[in-house]
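Trainee: I am new to this structure. Could you take me through one part of it closely, and then show me how that part fits with the rest?

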Amino acid sequence: MIEDKSDSSVYSREEDDAGKITRRRFLSLIFTGATAMGLAAFFAPLARYAYPVLKGQVFERQKIATTSQISAEGLRFDYIETPSMVIRLSDGNYGAYSLVCTHLGCIVKWEVKNQDFLCPCHAGKFDENGINISGPPPKPLTKYKLSIEGNDIYVEGLA
Ligand code: FES
């Protein structure tokens, strides 16, 4: 602050330089920009984890098995690098799911005896349709859309 004794008014140097970028303003912009980029770099992976882009992703059609390969134990396969399984449902149809638990991401196991998926981490359970039925998982397993041509079973994305 500079006091002008001639007319007793008080003004700041920044007001004098209206329209120009002062050193202070420049440094403030740099600091603000750097802070914004740092926060974005920190929060982007968290946002991606919380809201995966699977729904908007284009899925490839993938042959996963023939019908004769699917026993009571089901059949493991990887789809988009995700551990997955196809099982024979009690109504005779097939169901295919990601085995990634919707709680904290452990890999669930198909329990033939109980006809459900059990998560070994916190005992979360999913029924044969992938629906969360007990424990901490907040939502069903990711279900895949299947198509069957002859004896071949294909995954064609999310159901
Ligand atoms: S990670 Fe599966 S129940 Fe917690």
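Mentor: Start at a turn. β5 and β6 form a hairpin, with five residues between the two strands. Gly-92 sits in that turn and has a positive phi of about 95 degrees. Keep in mind that this is a predicted model.

Now look at the two strands themselves. β5 covers 82–88 and β6 covers 94–98. They pair in the antiparallel sense, over five bridges. Take one bridge as an example. Ser-84 has Ser-98 in β6 as its partner.

Next, turn to the other neighbour of β5. β4 and β5 also pair in the antiparallel sense, again over five bridges. Here Arg-76 stands opposite Met-85 in β5. These two strands make a hairpin as well, with two residues between them. Ile-80 in this hairpin takes a positive phi near 50 degrees.

Glu-81 belongs to the same stretch. Its place is in the loop between β4 and β5. Glu-81 has a positive phi too, of about 60 degrees, although it is not a glycine. Is Glu-81 buried or exposed? It has 6 other C-beta atoms within 10 Å, so it counts as exposed. The limit for that label is 12 or fewer.

Put the pairings together. The result is an open sheet of three strands in the order β4-β5-β6, with antiparallel pairing. β4 and β6 are the edge strands, and each of them pairs on one side only. From one strand to the next, the twist averages 30 degrees.

What does this sheet give to the nonpolar core? The largest such core has 19 residues. Met-85, Val-86, Ala-96, Tyr-97 and Val-108 touch the most other members. At least two residues come from each of β4, β5, β6 and β12, the last of which spans 152–158. β5 gives the largest share, three residues.

Stay with Met-85 for a moment. Which residues does Met-85 contact, leaving aside neighbours within four places in sequence? They are Gly-74, Leu-75, Arg-76, Ala-96, Tyr-97, Leu-99 and Trp-110. You have met Arg-76 already: it is the residue opposite Met-85. Ala-96 and Tyr-97 are familiar too, as core members with many partners in the group that touches the most others.

Now step away to a second sheet. It is also open, and it has four strands in the order β7-β8-β9-β10, with antiparallel pairing. Its edge strands are β7 (109–111) and β10 (132–134), each pairing on one side only. β9 and β10 are joined by two bridges in the antiparallel sense. In one of the pairs, Lys-125 has Ser-134 in β10 as its bridge partner.

Two residues in a loop of this region deserve a look. Cys-121 lies between β8 (116–118) and β9 (125–126). Cys-121 has 15 other C-beta atoms within 10 Å, so it is partly exposed. Beyond its neighbours within four places in sequence, Cys-121 is in contact with Cys-101, Leu-104 and Cys-106. What separates Cys-121 from Val-108? They are 13 residues apart along the chain, and their C-alpha atoms are separated by 8.6 Å. Recall that Val-108 is one of the core residues named above.

Ala-123 is the other one. It lies in the loop between β8 and β9. Its phi is positive, near 60 degrees, though the residue is not glycine. Ala-123 counts as exposed because it has 11 other C-beta atoms within 10 Å.

Finally, set all this in the whole chain. There are two helices and twelve strands. Along the sequence the pattern reads β-β-α-α-β-β-β-β-β-β-β-β-β-β. Of the 159 residues, 18% count as buried. Consider contacts between residues at least 6 apart in sequence: 35% of them join residues at least 24 apart.

Key. Residues are numbered from 1 along each chain as its sequence is written. This is a predicted model: local features need pLDDT of at least 70, side-chain atom pairs count only at pLDDT 80 or more; totals for chains, interfaces and linings use all residues. A nonpolar core is a set of buried Ala, Val, Leu, Ile, Met, Phe, Trp, Tyr and Cys residues joined through C-beta atoms within 7 Å. A residue is buried if 20 or more other C-beta atoms lie within 10 Å of its own, exposed if 12 or fewer, and partly exposed in between; C-beta atoms are placed from the backbone. Two residues are in contact if their C-beta atoms, placed from the backbone, lie within 7 Å. Two strands pair if DSSP finds at least two bridges between them. Axes are lines fitted to C-alpha atoms, for helices over the stretch in contact, and angles run from 0 to 180 degrees between N-to-C directions.
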